[in-house]
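Thanks for coming. I will go through one structure, starting with its ligands and ending with its cysteines.

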Amino acid sequence: MHKKTLRQDMKAKLAGMSGAEYDAYSLEIQQRLLKDSSIKKASLIGLTISAFPEVNTMPLIEKLWAQGKRVAVPKCEPKTRAMIFYEITSFDQLETVYMQLKEPIPTLTKAVSKEEIECLIVPGVVFDELGYRIGFGGGYYDRYLANYNGICITLAFALQLVHKVPTDKFDLPVHKIITETAVIDCHRNRKESYAVDENSI
Ligand SMILES: Nc1nc2c(c(=O)[nH]1)N(C=O)[C@@H](CNc1ccc(C(=O)N[C@@H](CCC(=O)O)C(=O)O)cc1)CN2
Ligand SMILES: Nc1ncnc2c1ncn2[C@@H]1O[C@H](COP(=O)(O)OP(=O)(O)OP(=O)(O)O)[C@@H](O)[C@H]1O
């Protein structure tokens, strides 16, 4: 199925989730993430300010701050489709300027380089167990990840997983996907799937 159709179908499915499910699953995903070694090790984490029905990241950000971690969120550059991450220490440092997305106010925050971000929480709409994803179609993360060397984790509701996401050559998979029911080691799944491919030749 085409990326665009998969994206639209999933958005419709997500819209059918109840508020109670959204809250309970988001909390479960947050708790699983906070137990994960990649997050425990990281001192600067890059993530987005979620917009419903994305897994709620606002309570997560508060938890990260409470644990003494630094948090950086992206600002989009629509002309070039680039993103710059800025460290925020309060939700008062956010504004809505682009699409209904909350972004950091550059005059109140400090830009952080890609190399400083040890763990990046990557958003998206549809995912598979190898870590491939379909985002909102801006290509922002495909570009950002092209020369990113840290750990990439996605937070998703279990219903956002499909058997296989169609991929283009610029698509880069995440290392792990955390849902309310599982922590999926996509990196390992890819290694195993390549091994199966080789054995079948
Ligand atoms: N909460 C959250 N913040 C995020 C993302 C996200 O997925 N979630 N992003 C993740 O990347 C970036 C913003 N992504 C965007 C992706 C597409 C469009 C956009 O303009 N979409 C057009 C169609 C695409 C086009 O014009 O070619 C549209 O919907 O009309 C805007 C922002 C950064 N911030
Ligand atoms: N590394 C790249 N360099 C240049 N263009 C790219 C790159 N990656 C993706 N693109 C372009 O961006 C557009 C959007 O790609 P795609 O539909 O895969 O986005 P997405 O994965 O849904 O979005 P996002 O990465 O923002 O979550 C495509 O037209 C693609 O050609």
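I will call a residue near a ligand if one of its heavy atoms lies within 4 Å of it. Keep in mind that this is a predicted model.

With that cut-off, take ligand 2. It is surrounded by 15 residues, and the closest are Lys 3, Arg 7, Arg 133, Gly 135 and Tyr 140. What kinds of residue make up the shell around ligand 2? Six are charged, five are nonpolar and four are polar.

Where do they sit along the chain? Three elements each give at least two residues to this shell: helix H1, residues 3-15; strand E9, residues 133-134; and helix H5, residues 140-145. H5 has the largest share, with four residues.

Now some distances. Lys 3 places a polar side-chain atom 2.9 Å from an oxygen atom of ligand 2. In Gly 135 the partner is a backbone N or O atom, 2.7 Å from an oxygen atom of the ligand. Asp 142 has an N or O atom in its side chain that is 3.0 Å from an oxygen atom of ligand 2. As for cover, ligand 2 taken alone exposes 650 Å², and the protein buries 70% of that.

On to ligand 1. Which of the 16 residues around ligand 1 come nearest? They are Ile 49, Glu 54, Tyr 98, Phe 136 and Tyr 141. Two of these can be looked at by atom. A backbone N or O atom of Ile 49 is 2.8 Å from a nitrogen atom of ligand 1. For Glu 54, a polar atom of the side chain lies 2.7 Å from a nitrogen atom of the ligand. On its own, ligand 1 has 680 Å² of accessible area, of which the protein covers 71%.

Last, the cysteines. How many disulfides does the structure hold? The count is zero. Why is Cys 119 not in one? Its sulfur is 7.8 Å from the closest cysteine sulfur, that of Cys 152, and this is too far for a bond. The cut-off for a disulfide is 2.5 Å between the two sulfur atoms. From the other side, Cys 152 is in no disulfide either, and its nearest cysteine sulfur is that of Cys 119, 7.8 Å away.

Are these two cysteines buried or exposed? Cys 119 counts as buried, because its relative accessibility is 0%. Cys 152 is buried too, with a relative accessible area of 5%.

That is what I have for today.

Notes
Residues are numbered from 1 along each chain as its sequence is written. Chains are lettered from A and ligands numbered from 1 in the order in which they are written. This is a predicted model: local features need pLDDT of at least 70, side-chain atom pairs count only at pLDDT 80 or more; totals for chains, interfaces and linings use all residues. Side-chain values use heavy atoms; hydrogens and water are left out. A polar contact is a pair of N or O atoms within 3.5 Å; within protein, one must be able to donate a hydrogen and the other to accept it, and residues adjacent in sequence count only if both atoms are side-chain atoms. Accessible areas come from the Shrake-Rupley method with a 1.4 Å probe; for residues, only the protein chains shown count as cover. Ala, Val, Leu, Ile, Met, Phe, Trp, Tyr, Cys and Pro count as nonpolar, Asp, Glu, Lys and Arg as charged, and the others, Gly among them, as polar. Buried means under 20% relative accessible area, exposed over 50%, partly exposed in between (1.4 Å probe, protein chains only).
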